[in-house]
Amino acid sequence: MKKGILRFCLLVSLLSIFSAFAFAGNETIIKGWIKQENMTIGGTLYNFVLSDDPKYVVMEFGGNLLKVSATFCDVENFIGLCVDDVQHNRTDPVTKVRYYKAYVTVTRQTAEVTASQTSDKNEGTIEDTFTITAKIENTGSREATNVTFVQKFPASFSLEAKNSDCTLGSNTVSWEGKLAPSQKLSCPYEIHSGEAGKFSITGNLSYNNGAANKTVILGVIELDIKNGSFSRWNDLDLDVQ
(Lines give C-alpha, C1' and ligand atoms only; values in the text may rest on other atoms or scores of the structure.)
Protein backbone atom coordinates (compact mmCIF):
# COMPACT_ATOMS: atom_id res chain seq x y z
CA MET A 1 0.00 0.00 0.00
CA LYS A 2 2.77 2.41 0.95
CA LYS A 3 4.61 1.69 -2.31
CA GLY A 4 1.43 2.42 -4.29
CA ILE A 5 0.97 5.75 -2.52
CA LEU A 6 4.62 6.61 -3.11
CA ARG A 7 4.33 5.88 -6.84
CA PHE A 8 1.18 8.00 -7.06
CA CYS A 9 2.84 10.94 -5.28
CA LEU A 10 5.86 10.65 -7.58
CA LEU A 11 3.60 10.65 -10.65
CA VAL A 12 1.76 13.76 -9.43
CA SER A 13 5.09 15.49 -8.78
CA LEU A 14 6.36 14.68 -12.27
CA LEU A 15 3.15 15.88 -13.89
CA SER A 16 3.44 19.13 -11.93
CA ILE A 17 7.02 19.60 -13.10
CA PHE A 18 6.16 19.04 -16.76
CA SER A 19 3.01 21.19 -16.58
CA ALA A 20 5.12 24.09 -15.34
CA PHE A 21 6.66 24.18 -18.82
CA ALA A 22 3.32 23.99 -20.65
CA PHE A 23 2.53 27.71 -20.64
CA ALA A 24 0.88 29.15 -23.71
CA GLY A 25 3.46 31.01 -25.74
CA ASN A 26 6.35 28.60 -25.16
CA GLU A 27 8.14 27.96 -28.43
CA THR A 28 9.35 24.40 -29.00
CA ILE A 29 12.95 24.41 -30.26
CA ILE A 30 13.76 20.69 -30.09
CA LYS A 31 11.48 17.72 -29.44
CA GLY A 32 12.55 14.12 -29.98
CA TRP A 33 15.50 11.77 -29.66
CA ILE A 34 18.97 13.33 -29.59
CA LYS A 35 22.47 11.92 -29.37
CA GLN A 36 25.61 13.35 -27.83
CA GLU A 37 26.03 16.05 -30.45
CA ASN A 38 26.09 19.73 -31.32
CA MET A 39 23.32 21.44 -33.25
CA THR A 40 22.72 25.04 -34.26
CA ILE A 41 19.13 26.32 -34.22
CA GLY A 42 18.17 29.93 -34.80
CA GLY A 43 21.79 31.01 -34.58
CA THR A 44 22.30 29.37 -31.15
CA LEU A 45 24.65 26.40 -30.70
CA TYR A 46 23.30 23.64 -28.45
CA ASN A 47 25.78 21.08 -27.13
CA PHE A 48 24.49 17.89 -25.48
CA VAL A 49 26.29 15.47 -23.17
CA LEU A 50 24.38 12.32 -22.12
CA SER A 51 24.72 9.71 -19.38
CA ASP A 52 22.58 6.68 -18.53
CA ASP A 53 24.08 5.86 -15.10
CA PRO A 54 22.74 7.98 -13.59
CA LYS A 55 20.42 9.14 -16.38
CA TYR A 56 20.84 12.83 -17.13
CA VAL A 57 21.41 15.32 -19.96
CA VAL A 58 23.76 18.29 -19.91
CA MET A 59 22.89 21.05 -22.38
CA GLU A 60 25.17 24.01 -23.06
CA PHE A 61 23.88 27.01 -25.00
CA GLY A 62 24.93 30.64 -25.31
CA GLY A 63 27.20 30.51 -22.27
CA ASN A 64 24.49 28.82 -20.17
CA LEU A 65 24.38 25.26 -18.81
CA LEU A 66 21.55 22.97 -17.75
CA LYS A 67 21.95 19.53 -16.18
CA VAL A 68 18.62 17.69 -15.98
CA SER A 69 17.91 14.17 -14.77
CA ALA A 70 15.49 11.88 -16.60
CA THR A 71 11.78 12.67 -16.00
CA PHE A 72 12.63 16.18 -14.79
CA CYS A 73 12.68 19.70 -16.21
CA ASP A 74 14.66 22.86 -15.54
CA VAL A 75 15.01 26.32 -17.04
CA GLU A 76 17.88 28.76 -17.46
CA ASN A 77 17.75 32.18 -19.10
CA PHE A 78 14.23 31.48 -20.48
CA ILE A 79 15.29 28.19 -22.13
CA GLY A 80 13.63 25.08 -20.70
CA LEU A 81 14.86 21.49 -20.91
CA CYS A 82 12.71 18.45 -20.13
CA VAL A 83 14.26 14.98 -20.24
CA ASP A 84 11.85 12.08 -20.75
CA ASP A 85 14.36 9.24 -20.91
CA VAL A 86 18.02 8.37 -21.54
CA GLN A 87 18.95 5.06 -23.17
CA HIS A 88 22.03 3.21 -24.39
CA ASN A 89 22.29 3.72 -28.13
CA ARG A 90 25.38 1.76 -29.23
CA THR A 91 28.85 0.68 -28.17
CA ASP A 92 31.89 1.25 -30.36
CA PRO A 93 33.24 -2.26 -31.17
CA VAL A 94 36.83 -1.06 -31.13
CA THR A 95 37.04 1.47 -28.32
CA LYS A 96 34.18 -0.04 -26.33
CA VAL A 97 32.92 3.50 -25.69
CA ARG A 98 29.21 3.57 -24.93
CA TYR A 99 27.01 6.13 -26.67
CA TYR A 100 23.55 7.21 -25.55
CA LYS A 101 20.39 8.80 -26.82
CA ALA A 102 17.81 10.89 -24.95
CA TYR A 103 14.27 12.00 -25.62
CA VAL A 104 14.13 15.71 -24.79
CA THR A 105 11.95 18.78 -25.21
CA VAL A 106 13.70 22.13 -25.41
CA THR A 107 11.52 25.22 -25.28
CA ARG A 108 11.99 28.97 -25.32
CA GLN A 109 9.78 30.82 -22.86
CA THR A 110 7.92 33.65 -24.58
CA ALA A 111 5.15 36.10 -23.91
CA GLU A 112 1.83 35.70 -25.68
CA VAL A 113 -0.53 38.65 -25.49
CA THR A 114 -4.18 38.33 -26.47
CA ALA A 115 -6.57 41.22 -27.03
CA SER A 116 -10.29 41.49 -27.73
CA GLN A 117 -13.03 44.10 -27.85
CA THR A 118 -16.79 43.82 -27.38
CA SER A 119 -19.80 46.12 -27.44
CA ASP A 120 -22.97 45.85 -25.36
CA LYS A 121 -24.94 46.46 -28.57
CA ASN A 122 -24.32 47.02 -32.25
CA GLU A 123 -27.37 49.13 -33.16
CA GLY A 124 -28.87 52.26 -31.67
CA THR A 125 -29.38 55.97 -32.13
CA ILE A 126 -27.26 59.06 -31.50
CA GLU A 127 -29.16 59.39 -28.22
CA ASP A 128 -27.86 55.99 -27.02
CA THR A 129 -24.79 55.12 -24.99
CA PHE A 130 -22.61 52.28 -26.26
CA THR A 131 -20.32 50.48 -23.83
CA ILE A 132 -17.16 49.16 -25.43
CA THR A 133 -14.79 46.91 -23.47
CA ALA A 134 -11.26 46.01 -24.54
CA LYS A 135 -9.44 43.19 -22.73
CA ILE A 136 -5.72 42.43 -22.87
CA GLU A 137 -3.86 39.53 -21.22
CA ASN A 138 -0.39 38.01 -21.26
CA THR A 139 -1.03 34.26 -21.33
CA GLY A 140 2.64 33.41 -21.87
CA SER A 141 5.44 32.54 -19.47
CA ARG A 142 7.61 35.62 -20.00
CA GLU A 143 7.16 39.37 -19.61
CA ALA A 144 5.87 41.14 -22.72
CA THR A 145 7.73 44.37 -23.44
CA ASN A 146 7.06 47.37 -25.67
CA VAL A 147 3.32 46.69 -25.48
CA THR A 148 1.35 49.28 -27.44
CA PHE A 149 -2.44 49.11 -27.72
CA VAL A 150 -4.49 51.63 -29.73
CA GLN A 151 -8.14 51.99 -30.71
CA LYS A 152 -9.27 54.90 -32.88
CA PHE A 153 -12.75 56.42 -33.20
CA PRO A 154 -14.34 58.95 -35.59
CA ALA A 155 -13.90 62.59 -34.56
CA SER A 156 -17.68 62.87 -33.96
CA PHE A 157 -17.49 60.31 -31.11
CA SER A 158 -17.13 61.30 -27.47
CA LEU A 159 -15.58 58.87 -24.97
CA GLU A 160 -15.90 58.46 -21.22
CA ALA A 161 -13.86 56.01 -19.13
CA LYS A 162 -15.44 53.53 -16.70
CA ASN A 163 -12.68 52.37 -14.30
CA SER A 164 -10.47 51.71 -17.30
CA ASP A 165 -6.84 50.61 -17.25
CA CYS A 166 -6.36 52.40 -20.56
CA THR A 167 -5.89 56.08 -21.35
CA LEU A 168 -8.63 57.92 -23.24
CA GLY A 169 -7.79 60.67 -25.68
CA SER A 170 -10.12 62.85 -27.72
CA ASN A 171 -10.93 59.96 -30.06
CA THR A 172 -8.49 57.20 -29.01
CA VAL A 173 -8.10 54.53 -26.35
CA SER A 174 -4.51 53.47 -25.70
CA TRP A 175 -2.12 51.72 -23.33
CA GLU A 176 1.67 51.33 -23.31
CA GLY A 177 4.00 49.43 -21.03
CA LYS A 178 5.02 45.93 -19.96
CA LEU A 179 2.82 42.95 -19.12
CA ALA A 180 3.94 40.29 -16.65
CA PRO A 181 2.83 36.66 -17.16
CA SER A 182 -0.90 36.31 -16.34
CA GLN A 183 -1.32 40.10 -16.07
CA LYS A 184 -4.66 41.34 -17.38
CA LEU A 185 -5.99 44.74 -18.44
CA SER A 186 -9.64 45.73 -18.70
CA CYS A 187 -10.61 48.89 -20.57
CA PRO A 188 -14.36 49.61 -20.46
CA TYR A 189 -15.64 52.98 -21.68
CA GLU A 190 -18.80 54.62 -22.94
CA ILE A 191 -19.13 56.22 -26.34
CA HIS A 192 -21.68 58.59 -27.88
CA SER A 193 -21.87 59.40 -31.55
CA GLY A 194 -22.53 62.92 -32.75
CA GLU A 195 -23.71 61.69 -36.12
CA ALA A 196 -25.67 58.84 -37.64
CA GLY A 197 -24.05 56.24 -39.84
CA LYS A 198 -22.33 52.88 -39.93
CA PHE A 199 -18.97 52.72 -38.20
CA SER A 200 -16.24 50.08 -37.91
CA ILE A 201 -14.31 50.14 -34.64
CA THR A 202 -10.84 48.66 -35.04
CA GLY A 203 -7.85 48.21 -32.78
CA ASN A 204 -4.36 46.78 -32.87
CA LEU A 205 -1.71 45.74 -30.40
CA SER A 206 2.02 45.20 -30.80
CA TYR A 207 4.60 43.80 -28.38
CA ASN A 208 7.88 41.95 -28.05
CA ASN A 209 7.52 38.38 -26.79
CA GLY A 210 11.15 38.05 -25.73
CA ALA A 211 12.25 36.61 -29.06
CA ALA A 212 10.47 38.66 -31.74
CA ASN A 213 8.04 41.52 -32.31
CA LYS A 214 4.40 40.46 -32.61
CA THR A 215 1.18 42.13 -33.77
CA VAL A 216 -2.42 41.39 -32.76
CA ILE A 217 -5.37 42.71 -34.78
CA LEU A 218 -8.59 42.96 -32.78
CA GLY A 219 -11.90 41.78 -34.21
CA VAL A 220 -13.88 44.62 -35.78
CA ILE A 221 -16.96 45.99 -34.01
CA GLU A 222 -19.63 47.17 -36.46
CA LEU A 223 -21.95 49.90 -35.16
CA ASP A 224 -25.14 51.00 -36.93
CA ILE A 225 -26.18 54.33 -35.43
CA LYS A 226 -29.36 56.06 -36.58
CA ASN A 227 -30.81 59.48 -35.89
CA GLY A 228 -32.65 59.88 -32.59
CA SER A 229 -36.40 60.26 -32.14
CA PHE A 230 -36.30 64.07 -32.33
CA SER A 231 -34.29 63.98 -35.53
CA ARG A 232 -36.62 61.43 -37.10
CA TRP A 233 -39.63 63.69 -36.51
CA ASN A 234 -37.73 66.58 -38.12
CA ASP A 235 -37.01 64.40 -41.11
CA LEU A 236 -40.76 63.88 -41.79
CA ASP A 237 -42.39 66.20 -44.30
CA LEU A 238 -45.61 67.05 -42.45
CA ASP A 239 -48.32 69.26 -43.95
CA VAL A 240 -49.89 70.83 -40.88
CA GLN A 241 -53.12 72.83 -41.53
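What follows is a chat about the predicted model shown above.

Visitor: Hi! What kind of model is this, and what do the local features need?

Guide: This is a predicted model, in which local features need pLDDT of at least 70 and side-chain atom pairs count only at pLDDT 80 or more, while totals for chains, interfaces and linings use all residues. Residues are numbered from 1 along each chain as its sequence is written, and side-chain values use heavy atoms, with hydrogens and water left out.

Visitor: How many helices and strands are in the chain?

Guide: The chain has 2 helices and 19 strands. Both are DSSP runs numbered from the N terminus: helices are H or I with at least four residues, strands are E with at least two.

Visitor: And what share of the residues is buried?

Guide: Of the 241 residues in the chain, 37% are buried. Buried means under 20% relative accessible area, exposed means over 50%, and partly exposed is in between (1.4 Å probe, protein chains only).

Visitor: How much area does the chain expose?

Guide: About 14000 Å², with carbon and sulfur atoms supplying 51% of it. Accessible areas come from the Shrake-Rupley method with a 1.4 Å probe, and for residues only the protein chains shown count as cover.

Visitor: Let's switch to salt bridges. How many are there?

Guide: The count comes to 6 salt bridges, taking a side-chain nitrogen of Lys or Arg within 4 Å of a carboxyl oxygen of Asp or Glu. One of them joins Glu-27 and Arg-108, whose closest N and O atoms are 3.0 Å apart.

Visitor: Why does that pair tie together parts that are apart in sequence?

Guide: Because Glu-27 lies in strand β1 (residues 27–35) and Arg-108 in strand β8 (residues 98–108), the pair ties together parts that are 81 residues apart in sequence. Glu-27 is partly exposed, with a relative accessible area of 37%, whereas Arg-108 counts as buried at 18%.

Visitor: Which residue does Lys-55 meet in a salt bridge?

Guide: Asp-85, with 3.3 Å from N to O. This pair links distant parts of the chain, with Lys-55 in strand β4 (residues 55–61) and Asp-85 in strand β7 (residues 79–91), 30 residues apart. Lys-55 counts as partly exposed, at 35% relative accessibility, and Asp-52 stands opposite Lys-55.

Visitor: So what sheet order does β4 appear in?

Guide: β4 belongs to an open sheet of 4 strands with the order β2-β3-β4-β5 and antiparallel pairing. The edges are β2 (38–41) and β5 (64–69), each with a single partner strand, so one side of each is left without a neighbour in the sheet. On average, neighbouring strands of this sheet are turned by 20° against each other, direction ignored. Strand β3 (residues 44–52) pairs with β4 over 7 bridges; two strands count as paired if DSSP finds at least two bridges between them.

Visitor: Now β9. Which of its side chains are buried?

Guide: Val-113, Ala-115, Gln-117 and Ser-119 point to one face of strand β9 (residues 113–119) and are buried, while Thr-114, Ser-116 and Thr-118 point to the other and are not. β9 pairs with strand β11 (residues 130–138) in the antiparallel sense over 7 bridges, and Ser-116 stands opposite Lys-135 in β11.

Visitor: What does Thr-131 touch?

Guide: Thr-131 lies in strand β11 and counts as buried at 18% relative accessibility. Not counting residues up to four places away in sequence, Thr-131 touches Thr-118, Ser-119, Asp-120, Lys-162, Tyr-189 and Glu-190, where contact means heavy atoms within 4.5 Å.

Note on methods:
Axes fitted to C-alpha atoms, helices over the stretch in contact; angles between N-to-C directions.
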